[in-house]
Amino acid sequence: MICQTISRRWIYFCLIVFFTLSAGRGFGATVIAPSFDQLVESADLIFTGQTRSQRSEWRNIGGQKSIVTLVSFRVSAVHKGRADSVVTLQFLGGAVGDVTLDVSDMPKFRKGERVVLFVQKNGANASPLIGFYHGKFSLQSDATGRETVWKHDGEAVMDVLEIGRSKPTARSARVPLSNEEFTGKVREHLSRSRE
Amino acid sequence: MTRLVSLLLLVAAPLAISAYDFVTTKGLRWPAGEIPMNLQLDATRDSQFLSDGKASWNEVAEEALAIWNSELSYVQFTSFTSSQRGDGNGHNEVFFSTNAYGHPLGDRVLAITTAWKIGSERVEGDTIVNSDVAWDSLRGPIGFFDFDLRRVLIHEFGHTLGLDHPDEARQVVVAVMNSIVSDLDTLALDDIHGVRALYPPDAAYALNFSIVPPGSGSVFAKAPPDINGRYPAGSLVTFLAKPQRRFRFNFWGGDENRTGGKLVVLVVDDENITLNFSTNGAPVIRAQPRHQIASTGDTIMFSARVSTSRKMPSFYQWQHDGNDVPNATNTTLVLPFVGHESSGLYSLRASNARGETFSKPARLVVDGH
């Protein structure tokens, strides 16, 4: 009887380990895609904002020259951490004069674009967004004015559980999350972790 | 002057969707000749036993370069090892590190590839592999504990050549250049077509057309092929579909997968293209099924919106790679627990007494296949 119980527990443990590993198998070629929980937990700043301006400049760190791009955002809501009304994020890569440095997987921004960003170690890391472009979510208004949330690959976010997975589940007849629903999930997660 | 293109094969060739994507548009490809790669992997990480029997990290990189070289003629990667690393020397360096030019990569980054450009000339770039990651060299399914350096380097060297992620451009294709690493461990047709589009080989390819059903229409080319019926690699050719009376045009199929009566082909391979027409009274596909990416065990749904006459009954049948799917006889198809065998093209056949119509095929990619 004891042997059976141990055996069953061992089987359950193995199954849990297997499904946990299976769920996380997909990873970006250069970046391991974070889940929604990992994004929220790892970020030191999460905010909704609008791109205001960007400029690129040379950097020299320990004799290694590079180009960085400084993108400024007008902040409309802070969901985690502290921020002024304008936040400037530093990304490796950009163009100064005739010289361009392109970096694979680095997120790009359009002027006036509204976004929700998950920020970690701004000014230090090559990308201030967790998992490079995985930390950027664009907001787009539909015909009714409802603002919906979109991933870097142009897919709408239907469920935060799909974030960081290699693909969505069956997606027909589902409605994209609105900005309010998405950021509500962020706050819900944060209040759960505080309890 | 338009010219009637000869209608050749009626048998559909293996289906593919051309969808490669580039880091940038024109201007970032390498000039003809050698692309020198300074392999510094062994100098920046201790050797270890690798699952595929390789003795060193540089050997893994050399194999990844050779895989691309086998598809290239305009340019060729060459590899060497020099301890003289630095910017501005025209060498593309490949090495392990935790930072790029002094900027930490972050703990979720496997590797990045940079590209330096002066004006419109590509000068050099580096592939930086995160030394904090547990690496191996594997084949087949991706490992649970160690990351496969070989397929990550194949992917990164694709960036070096100028290719980007097709799936980031909302294209559903089988490709090692997709942003998600999968069980695919070498180049797929889309990767090869992408690199041929950037670096056209000195070759010409045939574009063969078939009309479905026969006699329902014709195709016109805006530029004639050469005397052998071929087009030079890298050329852009426009084709127009023209239905016969009492028929309407539905879509371009086979090696292309587009709607609209005008098709522009960037010639990178031999192609078999079908023109799909239907009779005027047949059902009309108003919304086509969408391509999807899945993992083993997912439930996937395809659906199409069809309009048809209410005066006569309509019938539906889903097909998978041209074969009827059992019990799939309405406009929605649900596939529970998909596996590798579920990959392929799905199309809905809608029919009534006046004729039949096929939806544009939608591709299902499972675990990268």
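How many of the six residues of strand β7 (residues 114-119) of chain A are buried? In this predicted model, five of the six residues of that strand are buried, and the strand is mostly covered.

**Chain A**

Chain A contains three helices and nine strands. Read from the N terminus, its elements follow the order α-β-α-β-β-β-β-β-β-β-β-α. Of the 195 residues in chain A, 36% are buried. Among the contacts in chain A with a separation of 6 or more, 57% are made by residues 24 or more positions apart.

The mostly covered strand β7(A) pairs with strand β2 (residues 45-61) of chain A, to which six bridges join it in an antiparallel arrangement. One bridge partnership links A:Thr48 with A:Val116 in β7(A). Strand β7(A) is also joined to strand β8 (residues 136-141) of chain A, again running antiparallel, by four bridges. Here A:Arg114 has A:Leu139 in β8(A) as its bridge partner.

**The contact between the chains**

Chain A contributes 38 residues to the contact, and chain B contributes 40 residues. On the side of chain A that touches chain B, β1 (27-28), β3 (64-80) and β6 (99-103) of chain A each provide at least two residues. The largest share of this side, five residues, belongs to β6(A). By character, the residues of the side of chain A that touches chain B comprise 15 nonpolar, 16 polar and seven charged.

Strand β6(A) also pairs across the chains: five bridges connect it in the antiparallel sense to strand β7 (residues 111-118) of chain B. Within this pairing, A:Asp102 is opposite B:Ala115 in β7(B).

The strand pairings described above are collected here.

| Strand | Partner strand | Sense | Bridges |
|---|---|---|---|
| β2(A) | β7(A) | antiparallel | six bridges |
| β7(A) | β8(A) | antiparallel | four bridges |
| β6(A) | β7(B) | antiparallel | five bridges |

**Chain B**

The domain assignment of chain B gives domain 1 (3-13 + 202-279), domain 2 (33-162) and domain 3 (284-366). Between the C-alpha centres of domain 1 of chain B and domain 2 of chain B there is a distance of 40 Å.

Helix α2 (residues 57-69) of chain B has 13 residues, which at 1.5 Å a residue should span 18 Å; its end C-alpha atoms lie 19 Å apart, in agreement with that expectation. The buried residues in α2(B) are B:Trp57, B:Val60, B:Ala61, B:Ala64, B:Leu65, B:Ile67 and B:Trp68. Viewed down the axis of α2(B), these buried residues fall within an arc of 155°, and therefore they line one face of the helix. Their cover includes β2 (33-39), α1 (41-44), β3 (75-80), β4 (92-97) and α3 of chain B.

Helix α3 (residues 149-161) of chain B likewise has 13 residues with an expected span of 18 Å at 1.5 Å a residue, and its end C-alpha atoms are 18 Å apart, which agrees. Because 13 of the 13 residues of α3(B) are buried, this helix is largely enclosed by the rest of the structure. Just after α3(B) comes B:Gly162, with a positive phi of about 120°.

The loop between β9 (126-130) and β10 (135-136) of chain B holds B:Ala134. This residue, B:Ala134, counts as exposed because it has 9 C-beta neighbours inside 10 Å, where the cut-off for exposed is 12 or fewer. From B:Ala134 to B:Arg305 the separation is 171 residues in sequence and 48 Å in space, C-alpha to C-alpha.

Conventions: Residues numbered from 1 in each chain as written. Chains lettered and ligands numbered in written order. Predicted model: local features only at pLDDT ≥ 70, side-chain atom pairs only at ≥ 80, totals over all residues. Domains from an automatic or database assignment. Buried ≥ 20, exposed ≤ 12 C-beta atoms within 10 Å, placed from the backbone. Pairing = 2+ DSSP bridges. Expected span 1.5 Å × (residues − 1). Contact = placed C-beta atoms within 7 Å. Nonpolar A, V, L, I, M, F, W, Y, C, P; charged D, E, K, R; others polar. Arc of directions from axis to C-beta.
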